[in-house]
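This note is addressed to a colleague meeting the structure for the first time. Please look over the sequence and the model before reading the points.

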Amino acid sequence: MGKTKEQRIKKLKKIRMWPSVLGLFLILLLFVIILTCAMAASAADIVQRKLIDSVITTARVAELFVDYNSETKESIEREVLSHIDILEEIEAVSVVDAEQKPVWSSNNEYPTADEAVSTELLQDVTDIEISIIIDENENQMFNIVNDEIIINEDCYKNLKDVLGTDDLDVTVPFTNMTLWFVIPVNDMEVMVQNYIPIYVQDFIMAITCFVLCGILIAVFVVYYLISVIGMILSVRKSTKIIYTDMVTGGDNWLSFIKKGTSFLKKNRKGHHNYAMIHLEMRKYRSFCTCFGVNKGQELLEQFHSTIKKEIRCKEIMSHQENAAFGMLLTYSDKDDLEARIQKIEGMLNTVIPEMKMYFSTGVYLVQPGEYDVEQLYNNAMIASEMSGEESENSIAYFDIEMNNRKLWERKVEDDMERALENKEFQVYLQPKISTTNEVLGGAEALVRWIHPTEGFIPPNRFIPIFEKNGFILKLDDYMLEEIARVQSEWLAQGRKLVPISVNVSRAHFTREDLAEHICSIVDKYQVPHSVIELELTESAFFDDKAVLLNTVQKLRSAGFQVSMDDFGAGYSSLNSLKELQIDVLKIDADFFRGADAEERGLLIVSEVIDLAKKLNMKIVAEGIESREQVDFLTEQECDLIQGYFYAKPMPVAEFAQKYSV
Ligand code: C2E
Ligand code: CA
Ligand code: CA
């Protein structure tokens, strides 16, 4: 399969899924960021508020020590202790003097000096400078820098962990901070240990945010999941369409290639014998013309289901173009394979019992290791094409010679138009010599292709191809025009003209105005029609007989000579002589060749000559190579002899020189 074709198929199958997946990812990322920020902001806010509350409480406790002296000591201590009892957040109060010597403590606990981190905080609450000392048993959860509390990462993680737990008990703080606040009062430093619990309900904002985000995420995830699933389904659907044949609803050519390649690759070791089959109904187009395209498609659908029934495991089939079906079948031996193909053809013939249908089948026997399905199928097609139209339900096997023939056919078809334009087709003339005095009595124009790379190409290598593709019509017109031109030149030169015959292929006899067409070509050169002879073959009878008879009659009335070429070759019948009035009978070279040339052949020749004479026809014997043949024909009063004995076909210039009259 060509790369561009593969790319086109890939493109057809491709539905871009990555924007949806990327969208999903971005949405998730966005929500995570929003959630993180909300959590962080909420946590910072909560902690700050709690700290402010604690500082205010601490300041109140510290204020109690403003009047602290030996007289007030007891009452103040009592009051402080009662505060500690009332205020849940106050854990302990300790007082030191200017030299850091203990003055009083509620529980004999003092923070160590190196734990102290002093900063100014909450100037609007109190003028007292506050230091925050981290409790040695607790991790530092935040820093206070320039009046701002910055939550550290561990703290955040801690919060996240707690929020992530399922059985969250809101009555129990999920974390807490125990901090020492140090407030200088007079010459002393009042140190208050604060217990700051943090409850889940403190995070109600964050939790609400979290839940909302969760809902939004869920909505988006569902939305994107639905769109991704939709895409997957549509990819599957379009893949199915790509591999489905629109006429039969079965597998199509692409699917055939895909599955076939896979089967053949698995069969590298040759466990099965595989045969690639091309089976085509002949004259499908005529069927459609008679019964309509819809009926034609129905027929193909029925063919498809009929063949499908015959397909076994590890075999495939698909509809190809027009009325052709491809099959990759396994077989044990050739007889078995042919029997299966014949069975399939038989079954197809039962689809419309009242109509006999013909099929041409090409077979390529796949060798282990071959898995280029397109190439293998092409071989089967070539075999089928080469099998010819005539044979009934023929099965043709591909061989390499067929391939070469097909390649040559393609080359000829590629080059023919250019060749005509570039005058690569050249006219050769072969003389027809009179038996009475051995002088020139006529000539036949035979084409030669002087190809720029292939060199000299004889007509049998391209005429049959042109007859098949219709190019022969152009070539024959060209040859006729060339001969008319040559004759007019020779006429102008004062040469004595002899009739020159040109071959008129059977394909021309489909046009009813053929005679007028020939006249119009010749009349451009103003040469007498009598110097142009038109050779047609009996095979033209197989087409439209009326057109043939009519054309021949018109041509003869216009003064052209008409000859029947190759008489005696192929399906010659005397019947054609009865119906067709012609001027010249060309006896085919076959009569003078072969095993019975000596007796029966010569006897027939003499009888044919006799008959032709009686019908007032001139006789030309073709393919004459020996003196004996010439003598025999002279004796039989054959009029003209064309053959290598006298001369091979030669270029016009050479002919003009050799036969100057
Ligand atoms: P054809 O019309 O029967 O031409 C006679 C063929 O017999 C020529 O072959 C000629 O060279 C060959 N031939 C003549 N004498 C002898 C001989 O003594 N021995 C042998 N072995 N062969 C001899 P050529 O030129 O190769 O042409 C082959 C066929 O190609 C022609 O058979 C004709 O059917 C076709 N053809 C040639 N030129 C044209 C053309 O311009 N138009 C059409 N439609 N067909 C042409
Ligand atoms: Ca001829
Ligand atoms: Ca001939």
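The points below concern a calcium site and the nonpolar cores.

1. The structure is a predicted model, and the remarks that follow should be read in that light.

2. The calcium ion (ligand 2) has four protein residues as its donors: Glu-444 through OE, Asn-503 through OD1, Glu-535 through OE and Asp-565 through OD, at 2.1 to 2.3 Å. Along the sequence, these donor residues follow the spacing E-x58-N-x31-E-x29-D. Distant parts of the chain are thereby linked: Glu-444 belongs to strand E15 (residues 440-451) and Asn-503 to strand E17 (residues 500-503), 59 residues apart.

3. Two of these donors differ in exposure. Glu-444 has a relative accessible area of 3% and is therefore classed as buried, the cut-off being under 20%. Asn-503, at 25%, is partly exposed.

4. Asp-565 has a further role in the geometry, as it bridges the calcium ion (ligand 2) and the calcium ion (ligand 3). The two ions lie 3.9 Å apart.

5. The largest nonpolar core holds 81 residues. Those touching the most other members are Phe-425, Phe-462, Phe-466, Leu-475, Leu-585 and Leu-633. Helix H13 (residues 472-492) makes the greatest contribution to this core, with 9 residues.

6. Leu-585 merits a closer look. Apart from neighbours within four places in sequence, Leu-585 is in contact with Met-564, Phe-567, Leu-577, Val-608, Ala-612, Met-617, Lys-618, Ile-619 and Val-620.

7. There is also a second, separate core of 28 residues, with Tyr-284, Phe-303, Ile-307 and Tyr-331 among them.

Definitions and conventions:
Residues are numbered from 1 along each chain as its sequence is written. Chains are lettered from A and ligands numbered from 1 in the order in which they are written. This is a predicted model: local features need pLDDT of at least 70, side-chain atom pairs count only at pLDDT 80 or more; totals for chains, interfaces and linings use all residues. Side-chain values use heavy atoms; hydrogens and water are left out. Donors are N, O and S atoms within 2.8 Å of the metal (3.2 Å for Na, K and Ca); water is not among the atoms, so sites may look incomplete. Helices (H or I, at least four residues) and strands (E, at least two) are DSSP runs, numbered from the N terminus. Buried means under 20% relative accessible area, exposed over 50%, partly exposed in between (1.4 Å probe, protein chains only). A nonpolar core is a set of buried Ala, Val, Leu, Ile, Met, Phe, Trp, Tyr and Cys residues joined through side-chain atoms within 4.5 Å. Contact means heavy atoms within 4.5 Å.
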